[in-house]
Structure formats: C-alpha cells, structure tokens
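Thanks, everyone. Let me put the structure up, and then we can go through it together.

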Amino acid sequence: MGRFDGATVLITGAAGGLGRGAAEGFAAEGARLVLSDIDDKALADLAGSLRAETAILAGNIADEKLSEDLVKLAADKFGRLDVAINNAGIVQSFVRLPQVASDEARRVLEIDLLGVFYAMKHQIPQMERQFKSDGKGGAIVNIASVAGLVGAPKLSVYAAAKHGVVGLTKSAAAEYATKGIRINAVCPAHTRTAMVDSFVRISGAPEAEALAELTRGVPMKRVAEVDEVVTAILFAADPANSFMTGHTLAVDGGVGAI
C-alpha cells in the first residue's frame, strides 16, 4: 500500500526534471495526478507514461486563471485536492544585478513568486472546505531554493523570488495551522535538471569544469540528483508527517552548514 493511495496530487511544472520526478514518485505511491506544464506536448507524453489516473491542463502559471482551473479540475475529476506541489519556475540570466533586463526580472517574479501566490490562493480554499467537510485538509509543498535562504550572487532576482516563496510558505502555514492544511517549502541547491544543463552549455567550459564552478560552495562538491530532491518532496507531503508546517527543508549538500 502506497503512502498516497487514492490521494489527489496536483503538480505544476510537471514536465521538467523535478516535476517529472515528483509525478513518477507520487504515481508509484498510489496517487491520482493533476499535472500542468507550459509545454503541452511534453505534458501529454508524461501523462501517457505514468501508471496512474491522470488529468492534465497545459498553461502558464503566471496566468492566475490556470491555478483556478487546476483546482477545479482536481475537484471535478477526483472530488478533492489532497496535495499540491508548486514547482513551476524559471531561472534568470547568470549576471550581476544591474545587467538583468527589467523585462526579464518582471517575468521571473511573475512566474517564480506570483505563480506560487496564485496557486496557493486557489488551493487553500479547496483544502479548507475539505477540512470543514470531513476533517481532512491537505498539504502544500512549494519548491523554493537554497537561493531563497541565503544570498545568490548573479541570481539576485531569482533569489528575491525564492525568498518570497519562503515568506509566503511561512505566513500561510501560520494562518492555516489549525485548519488542517500543512504548508512547507523544499529548498534544493543546484539539481541535475535542464536548468543546470543550460548553465553548463552557456558557460562554454567542459562539463566537469562547469559543474566544479557551480558547486564550489557546496561541501559535498556535487549537484543534487532529482531523486534526492523528490525524496524530500514526498517526505514533506506525507500525511504521516503531520506535525511539520512552515518549514524550509534544505536539500543543499551542506551549504547551510557553513
């Protein structure tokens, strides 16, 4: 019997590295899935590869209507929303603050911060209604970053957005702690996803050299693997983990220890 047998789990940014890993992890634990991504083809391909009841809706998380429609889809198809993984996000150009184009900064904030705000704005009322009805609310896991816990040179706007996600997480967790809704954030360091692959390509350096530069401040001297971060996501969402809320769970190879 899986930890999430019969639970309805919503995942945004589902077609990317962490999102796909999370979808596969929850499916393996018996969940029913509501998946979203801006890439409609990749989203459909993912849904077709999973052994789980799945509903999909493509769209841009910066559009509030998508978050509203995703919650409605979960309620209409599966009757409830038990877990939400707010994962959709982008990264900025790796440059000093004055070199960040204002349009790019606005886009990063709209997707990485307001996208999470819109998601929670619509997920929380659904979970609160469930709690009032049957005593079972839900769990929200926001994917922040180690850049949401400390400074991140040459990633200033991204760091600002992720600090904002941490603030939203802690504030909402306190607001709904007695309403049956747990809200936590997982804060990974660099993880072996398309974002890291993109950094390696842009750097122009050999892969080993680029990764060494990327992980210079990481005591473990490597990037995280997707499965390692997914393990933390499943832990944060696990209904057995019922006394943890408002927590920022760093999966950072020891960055926070120094």
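I'll cover some strands first, then a cavity. Keep in mind that this is a predicted model.

Start with strand β2, residues 32–35. Which way do its residues point? R32 and V34 point one way, L33 and L35 the other. All four are buried. In general, side chains in a regular strand alternate between the two faces of the sheet.

Now the neighbours. β2 runs parallel to strand β1, residues 8–11, and 4 bridges join the two. Look for V9: it stands opposite L33 in β2. β2 also pairs with strand β3, residues 54–56. That pairing is parallel too, over 3 bridges. Here L35 stands opposite I56 in β3.

Next, the connections. From β1, the unit takes in helix α1, residues 17–28, and β2. That β-α-β unit is right-handed. Then β2, helix α2 (residues 40–49) and β3 make a β-α-β unit, also right-handed. So β2 has a part in both units.

On to empty space. Rolling a probe the size of a water molecule over the atoms shows where it is left. How many cavities of 30 Å³ or more does a search of the whole structure find? The search finds 1. Its volume is about 30 Å³.

What lines this cavity? The residues are T12, I61, N86, N87, A88, G115, V116 and A119. Helix α4, residues 102–134, gives the most to the lining, with 3 residues. By type, the lining divides into 4 nonpolar and 4 polar residues. None is charged.

That's my tour. Over to you.

Note on methods. Residues numbered from 1 in each chain as written. Predicted model: local features only at pLDDT ≥ 70, side-chain atom pairs only at ≥ 80, totals over all residues. Heavy atoms only, no water. 1 Å grid on protein atoms, 1.4 Å probe; cavity = no way out; pocket = protein on both sides within 12 Å on 5 of 7 lines; lining within 4 Å. Points joined across faces, edges and corners; volume = space filled by probe spheres on them. Nonpolar A, V, L, I, M, F, W, Y, C, P; charged D, E, K, R; others polar. Buried < 20%, exposed > 50% of the residue type's maximum accessible area, 1.4 Å probe, protein only. Pairing = 2+ DSSP bridges. Right-handed = clockwise from strand over helix to strand, strands pointing away.
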